[in-house]
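User: I am new to this structure and would like to understand how each label on it is earned. Could you take my questions in turn and show the reasoning behind each answer?

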Amino acid sequence: MGFTVEDLLQTEECREMKVVCGEQGLKNEIKGVTIIEAPDIVKFINGGELLLTGLYAFKSCSIEEFKSYIYEFRKKKISGLIVKRGRLVEDADKKIALLQDYARKNGIPLMDVPFEMSFQKILSIVMEHLFNEEVTLLKYFKTTHDNFTALTLGRTGEENTIQDILDMLEKLIRNPVTLYNQNRTCFASTLSQEEELVFLDNLQDYDPEVLTNYQYWKQEGEQVQYIIRVRMNVGVQMYLVVTENTPPFTKMDCIAIENAIVALQYEFSRQFAIEELEKKFQNDILNNILNGKVASESELDKSAGLLQLDKNGSYRVIVFGVKNKGKPRKDMNEKLMHISCLEEAVRRQFPDLKIHRDLDKIVAIREADPSKNQAEHRQEMQEMVSLVQKELHYQNKNLKARAGAGKIVKGLARLPESYKEADDALSFIDIAGDISGDGNTSVMMFSDFGIFKLLCQLDDPQKLTEYIPESLQKLLQYKKPQQEDLITTLKAYLKNNQNLSRTAQELYVHYKTAAYRIEKITKITGMDFDNSSEMLAVRIGLVVHKMIENYSQK
């Protein structure tokens with residue numbers, strides 16, 4: 001006879017266990033041990049196992065469903081059943097009564113253990129008697145693998161599976177677990193208090209003593225933390241952190257962690273697939289609305305319902321773009337990757353926005369408060385872009401977020417008007433920098449364009465050229481190496497109210513160099529810098545020239 005249920009009860013560690021019923025089966029041989037953390041685990045047992053459960057796996061199943069699980073126990077001829085009470089379970093008393101009835105009729109010892117007693121301790125005791133160390137580790141690997149597999153595959157999609165995976169891992173290793181995103185902010189945790197992950201100076205590599213594809217670290221602060229860097233199947237980097245409280249961190253904990261990571265990767269892949277499908281569906285609907293392709297009122301009603309938007313609400317369209325502050329490249333794949341980074345940043349910071357992804361921009365529909373003044377709206381926009389920029393910084397330090405905003409419109413049917421303005425505002429954000437003298441402009445509201453709103457309605461470069469005065473056209477047609485320096489000097493000279501000293505300082509050139517360039521511009525163009533009307537026309541002409549350049553790049 002091998003290791004029996006009676007032998008287990010006589011060990012020093014298990015003296016607190018109490019046999020509730022089924023005493024006639026105390027001589028049952030224990031051939032394995034499994035924790036029930038998901039109802040489907042019964043499909044993975046072979047027979048003769050000692051089953052451990054807190055009934056939490058059956059927390060919401062009906063009595064009839066519970067009876068079917070007991071029937072599976074009967075078919076597999078388990079050796080014993082250990083129950084830990086204390087978790088909130090529907091119809092707990094009825095379910096325990098059914099277990100007692102099953103135990104009495106089938107000679108299966110049903111035992112009760114104190115809530116504070118660890119299941120892992122019982123697992124270790126049984127395995128120590130059944131297997132040598134290497135086989136124990138393999139068996140524990142299979143046990144944890146089966147539990148996590150049953151947990152992930154048995155979900156309907158409504159539950160928070162990621163949190164459940166962390167909860168199960170905490171039960172196995174008896175230490176709190178937290179999952180952090182790539183920005184080191186808390187994504188999910190078994191702790192009640194969420195904190196950011198901080199890498200300490202004493203962070204060092206840690207050998208888990210198991211075969212692994214992941215990087216393990218250890219650091220010691222107020223508490224010892226074990227950090228595992230994980231790249232999910234969807235390309236997202238995350239950190240799984242175990243905080244060592246009472247029991248020491250062991251090799252068996254690493255085995256449980258390895259299986260938990262596989263379960264997390266599966267769940268992230270599943271959620272990613274669902275989200276991508278939802279994004280595609282939402283993207284198509286938004287594309288039709290923003291481009292005025294909704295043909296009827298009934299179709300608009302249906303679209304509003306699917307997007308969960310008020311058809312008659314007040315909205316503003318915001319178009320986000322990104323600029324590479326590093327060395328500019330024309331690689332399309334790289335540009336697409338930058339837009340993907342931008343999309344992720346916007347979605348992370350503003351999960352409630354309705355987002356439409358275009359080839360080179362992200363379009364967002366935001367509810368707006370018409371009672372606020374323009375300064376308040378502008379401040380909100382600047383704060384939004386700042387948050388997106390902060391998120392982008394973690395992914396690529398060379399990327400700069402920019403945004404254009406259209407007017408507030410009443411009703412979804414008028415969104416194309418706001419979209420056109422927002423798109424124009426983003427397209428001419430560099431021009432806004434020229435107008436204001438601030439080359440770092442990151443937010444542009446179409447309403448701030450003033451007279452240039454009229455020019456934005458012209459998309460024919462030939463017609464726009466008519467707004468460039470003849471004198472400036474001569475400079476733009478001056479095909480010599482000095483042309484770029486002369487145009488830059490002219491812009492700075494006009495911006496500084498024709499002050500040569502300030503112009504020279506801004507351009508980091510000698511005063512005489514700046515004076516020579518202005519004299520050269522006068523000879524080429526015949527500009528009269530004392531004529532205020534002509535200078536106004538030249539200022540407008542410079543802006544129009546930049547608009548033409550933007551159109552040619554589209």
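User: Which residue stands opposite Q204 in β9?

Analyst: This is a predicted model, and in it Q204 stands opposite K218 in β9. K218 in turn stands opposite Y226 in β10.

User: What makes β8 and β9 a pair of strands?

Analyst: Two strands count as paired if at least two bridges are found between them, and β8 (residues 204-205) is joined to β9 (residues 215-220) by two bridges, in the antiparallel sense. On the other hand, β9 and β10 (residues 224-231), which also run antiparallel, are joined by six bridges, and these two strands form a hairpin with three residues between them.

User: Why is the pair of F199 and W217 called edge-to-face?

Analyst: Two values decide the matter. Ring centres must lie within 6.5 Å for a pair, and planes over 60 degrees apart count as edge-to-face; the centres of F199 and W217 are 5.7 Å apart and their planes stand at 70 degrees, so the pair is edge-to-face. The pair links distant parts of the chain, since F199 is in the loop between β7 (186-189) and β8 while W217 is in strand β9, 18 residues away. By the rule for rings, the count comes to 10 aromatic pairs, and one aromatic cluster is formed by F58, F66 and Y69.

User: How do you know whether F199 and W217 are buried or partly exposed?

Analyst: The cut-off for buried is under 20% relative accessible area, and partly exposed reaches from there up to 50%. W217 has a relative accessible area of 12%, so W217 is buried, whereas F199, with 25%, is partly exposed.

User: What lies over the face of F115?

Analyst: K84 lies over the face of F115, at 5.8 Å from the ring centre. In another case, the charged end of K95 sits over the ring of F66, 6.0 Å from its centre.

User: In what order do the five strands of the open sheet lie, and which are its edge strands?

Analyst: The order is β13-β14-β12-β15-β16, with mixed pairing. The edge strands are β13 (354-357) and β16 (443-445), because each of them pairs on one side only. From one strand to the next, the twist averages 20 degrees.

User: What makes the pairing in this sheet mixed?

Analyst: The sheet holds pairs of both senses. β15 (residues 399-410) and β16 pair in the parallel sense over three bridges, and A403 has V443 in β16 as its bridge partner. By contrast, β12 and β14 run antiparallel and are joined by six bridges, while β13 and β14 pair in the antiparallel sense over four bridges. I365 in β14 is the bridge partner of V317, and I365 is likewise the bridge partner of K354.

User: Which helix packs on the sheet, and which strands are touched?

Analyst: Helix α7 (residues 251-290) packs on the sheet and touches β12 (314-324), β13 and β14 (362-367), with its direction at about 85 degrees to that of β13.

User: Why is K361 called buried?

Analyst: The relative accessible area of K361 is 11%, and because buried means under 20%, K361 is buried. K361 lies in the loop between β13 and β14, two strands that form a hairpin with four residues between them. Beyond its neighbours within four places in sequence, K361 is in contact with V319, F320, I339, H356, Y419 and D423. K361 and G321 are 40 residues apart in sequence, yet their C-alpha atoms are 4.9 Å apart in space.

User: How do you know that T144 is buried, and what does T144 touch?

Analyst: With a relative accessible area of 1%, set against the cut-off of under 20%, T144 is buried. T144 lies in helix α5 (residues 133-153) and touches L172, I255, A256 and N259, leaving out residues up to four places away in sequence.

User: Which residues touch the most other members of the largest nonpolar core?

Analyst: Among the 85 residues of that core, they are L8, M17, L50, F73, I82, I122 and L240. The largest share of this core, 10 residues, comes from α7. Apart from it lies another core, of 24 residues, including Y493, L494, I521 and V544.

Key:
Residues numbered from 1 in each chain as written. Predicted model: local features only at pLDDT ≥ 70, side-chain atom pairs only at ≥ 80, totals over all residues. Heavy atoms only, no water. Axes fitted to C-alpha atoms, helices over the stretch in contact; angles between N-to-C directions. Contact = heavy atoms within 4.5 Å. Buried < 20%, exposed > 50% of the residue type's maximum accessible area, 1.4 Å probe, protein only. Phe/Tyr/Trp six-rings, centres within 6.5 Å; stacked < 30°, edge-to-face > 60°. Lys NZ or Arg CZ within 6 Å of the ring centre and 35° of its normal. Core = buried A, V, L, I, M, F, W, Y, C linked by side-chain atoms within 4.5 Å.
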